[in-house]
Amino acid sequence: MAATTLFRRRFFLCLEVLLLPCCTTRLAWPECAEDASCLFNSTELALLGTGGDGGNSGAVLLVSVVSYVFNVTSAPQYYRPNLGSYAALTGRDASRSLATMSMEDEDVKSQILSDLEGEQWEELFNWIDKYQEKYTLIGRLLDWKPNVSFEDINKWSGFSLKPPQTRADRDEL
């Protein structure tokens, strides 16, 4: 076994043992997925949404689009690490990459949408429609920072997207 593979397995095992119990308790994972009430921060989405172990066939794969988190596990041919062409988008918000049709590292890692042009906004809106039709919505990404407001996105798109509630708001219900 290669040293890097062994390191990755040990690293993800440590994450599961040390971090996932904390995160999954706060998230009530996976029960929150049943009513789309899961609230993730970026770290939690990355831990839970990438399969955690290199993407074995039983792992959960999650992608956020404009802060709405979808379960894309049904399409491992696109999203599973070491297999899918969109694997870099799992466990993160993919809005910028989808809008720009770019898998460049700078676009994959960025949440900024304020510099998009008209055609790129249209591309993003088409992707939003695709995700809503094809995948199950399970929750929201709380710390999404696109540098544009939901009000602006709705004005441009005709959608009725809402900002995610906070964990404190949800806990008060």
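## A tour from helix H9 to the disulfide

Begin by selecting Lys155 and Asp152, which both lie in helix H9, three residues apart, or about one turn of the helix. In this predicted model, their side chains meet in a salt bridge, with 3.8 Å from N to O. The two partners can then be coloured by accessibility: Lys155 is exposed, with a relative accessible area of 62%, whereas Asp152 is partly exposed, with a relative accessible area of 23%.

Staying with charged side chains, select Arg96 and Asp107 next, where a salt bridge brings the closest N and O atoms to 2.8 Å from each other. This pair links distant parts of the chain, since Arg96 belongs to helix H6 and Asp107 to helix H7 (residues 105-108), eleven residues apart. Is Arg96 buried or exposed? Its relative accessibility is 12%, and Arg96 therefore counts as buried, the cut-off being under 20%. Asp107 is buried too, with a relative accessible area of 9%. Add Asp115 to the selection, and you have a network of salt bridges that links Arg96, Asp107 and Asp115.

From there, move to Asp105 and Lys109, another salt bridge, whose closest N and O atoms are 3.2 Å apart. Here Asp105 counts as partly exposed at 46% relative accessibility, and Lys109 is exposed, with a relative accessible area of 55%. Over the structure, the count of salt bridges comes to four.

Now select helix H8, residues 118-134, and place a distance label between its end C-alpha atoms, which are 25 Å apart. Why does this agree with expectation? At 1.5 Å a residue, the 17 residues of H8 should span 24 Å, so the two values agree.

Within H8, highlight Trp121, Leu124, Phe125, Trp127, Ile128 and Tyr131, which are buried. They cover an arc of only 160° around the axis, which puts them on the same side of H8. If you turn the helix to view the face directed away from that buried side, you will find the exposed residues Gly118, Glu119, Glu133 and Lys134. To see what the buried residues of H8 pack against, show strand E2 (62-65) and strand E3 (68-71), together with helix H5 (76-79), helix H6 (95-100) and helix H9 (150-157). Two of these elements have already appeared on the tour, as H6 holds Arg96 and H9 holds Lys155 and Asp152.

Next, keep Tyr131 selected and add Tyr135, as an example from the twelve aromatic pairs found in a search of the whole structure. The rings of Tyr131 and Tyr135 form a tilted pair, 5.3 Å centre to centre and with 50° between the planes, and both residues are buried. Extending the selection to Phe70, Tyr78, Tyr79, Tyr86 and Trp127 completes one aromatic cluster, to which Tyr131 and Tyr135 also belong. Trp127 and Tyr131 are also among the buried residues of H8, so that the cluster can be viewed together with that side of the helix.

The last stop is at Cys32 and Cys38, which form a disulfide with their sulfur atoms 1.8 Å apart. A search of the whole structure finds one disulfide. Which hand does the disulfide have? The torsion about the S-S bond of Cys32 and Cys38 is about 90°, so the disulfide is right-handed. Both ends of this link, Cys32 and Cys38, are buried.

Note on methods:
Residues numbered from 1 in each chain as written. Predicted model: local features only at pLDDT ≥ 70, side-chain atom pairs only at ≥ 80, totals over all residues. Heavy atoms only, no water. Helix = DSSP H or I, 4+ residues; strand = E, 2+ residues; numbered from the N terminus. Expected span 1.5 Å × (residues − 1). Buried < 20%, exposed > 50% of the residue type's maximum accessible area, 1.4 Å probe, protein only. Arc of directions from axis to C-beta. Contact = heavy atoms within 4.5 Å. Disulfide = S-S within 2.5 Å. Phe/Tyr/Trp six-rings, centres within 6.5 Å; stacked < 30°, edge-to-face > 60°.
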